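New to this one? Take a look at the sequence and the model below, and then we'll walk through a few spots together.

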Amino acid sequence: MTQATALHAAAAPQPEVLVVDDDQATRDLLATALSLSGCRVTCAEELEEAAAILEYRGYDALCVDLDLRGLSGLEGLELVGQAHNRWPGLNIVVQTGNSDPDVHRACLHLGARAVFVKGQPLASFLHLLQSPVKEVASC
């Protein structure tokens, strides 16, 4: 790496990611993995908190759990649609334990770039977050 390349790499902005999950362990795991991969991470526990954050501030990516405690997956889908409409370039990755292909298609239709079915390797999640192609990670 040349000195100029090293200086350019050092000056490149870190991608900013908003992680929305009601499970503290999942938030911590994703925040750590994303931080180690060079991202700046903000976490929210509830949809209302995430919606308020997204109202005033753009992010490079949104990672949202579709099934937050006390809410239906439809409410999670609403956040995906609202975020996509407000920030069209936002890279949205939905995380879910739901393996229903109709739910996955609805997420993609509303603007999610990818759907990550929980239980898959963390490397698959990181790949989806960086991928420009709409896809679903499931096995």
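Which exposed residues does the face of H2 turned away from its buried side carry? They are Ala25 and Leu36. Keep in mind that this is a predicted model. With that said, here's a quick tour of two helices, an aromatic pair and a threonine.

**Helix H2**
- H2 covers residues 24-36, and its 13 residues should span 18 Å at 1.5 Å a residue; the C-alpha atoms at its ends are 18 Å apart, so the two values agree.
- Tucked away on this helix are Arg27, Leu30, Ala31, Ala33 and Leu34, which are its buried residues.
- Look down the axis of H2 and those buried residues fall within an arc of 170 degrees, so they line one face of the helix.
- There's a general rule behind patterns like this: an α-helix has 3.6 residues a turn, so residues three or four places apart point the same way.
- As for partners, the buried residues of H2 pack against three strands, S1 (16-20), S2 (40-44) and S4 (91-96), and also against helix H6.
- After H2 comes Gly38, which has a positive phi, near 100 degrees.

**Helix H6**
- H6 runs over residues 122-130, and Phe125, Leu126, Leu128 and Leu129 are buried in it.
- Seen down the axis of H6, its buried residues stay within an arc of 160 degrees, so they line one face of this helix.
- Flip to the other side of H6 and you'll find Ala123 and Gln130, which are exposed.

**The aromatic pair**
- You'll find one aromatic pair in the structure.
- Its partners are Phe116 and Phe125, set edge-to-face, with 5.4 Å from centre to centre and 75 degrees between the planes.
- Phe116 has a relative accessible area of 7%, under the 20% cut-off, so Phe116 counts as buried.
- Phe125, one of the buried residues of H6, has a relative accessible area of 1%.

**Thr96 and its surroundings**
- Thr96 sits in strand S4, and this threonine is buried, with a relative accessible area of 0%.
- The Thr96 side chain makes a polar contact with the side chain of Asp67, at 3.2 Å.
- That Thr96 side chain also reaches the backbone nitrogen of Asn98, at 2.9 Å.
- Setting aside neighbours within four places in sequence, Thr96 is in contact with a list of residues including Asp65, Leu66, His104 and Val115.
- Phe116, a member of the aromatic pair, is among the contacts of Thr96 too.

Notes. Residues are numbered from 1 along each chain as its sequence is written. This is a predicted model: local features need pLDDT of at least 70, side-chain atom pairs count only at pLDDT 80 or more; totals for chains, interfaces and linings use all residues. Side-chain values use heavy atoms; hydrogens and water are left out. Buried means under 20% relative accessible area, exposed over 50%, partly exposed in between (1.4 Å probe, protein chains only). Helices (H or I, at least four residues) and strands (E, at least two) are DSSP runs, numbered from the N terminus. The arc is that of the directions from the helix axis to the C-beta atoms. The expected span of a helix is 1.5 Å times one less than its number of residues. Contact means heavy atoms within 4.5 Å. Rings of Phe, Tyr and Trp (its six-membered ring) pair if their centres lie within 6.5 Å; planes under 30 degrees apart count as stacked, over 60 as edge-to-face and the rest as tilted. A polar contact is a pair of N or O atoms within 3.5 Å; within protein, one must be able to donate a hydrogen and the other to accept it, and residues adjacent in sequence count only if both atoms are side-chain atoms.
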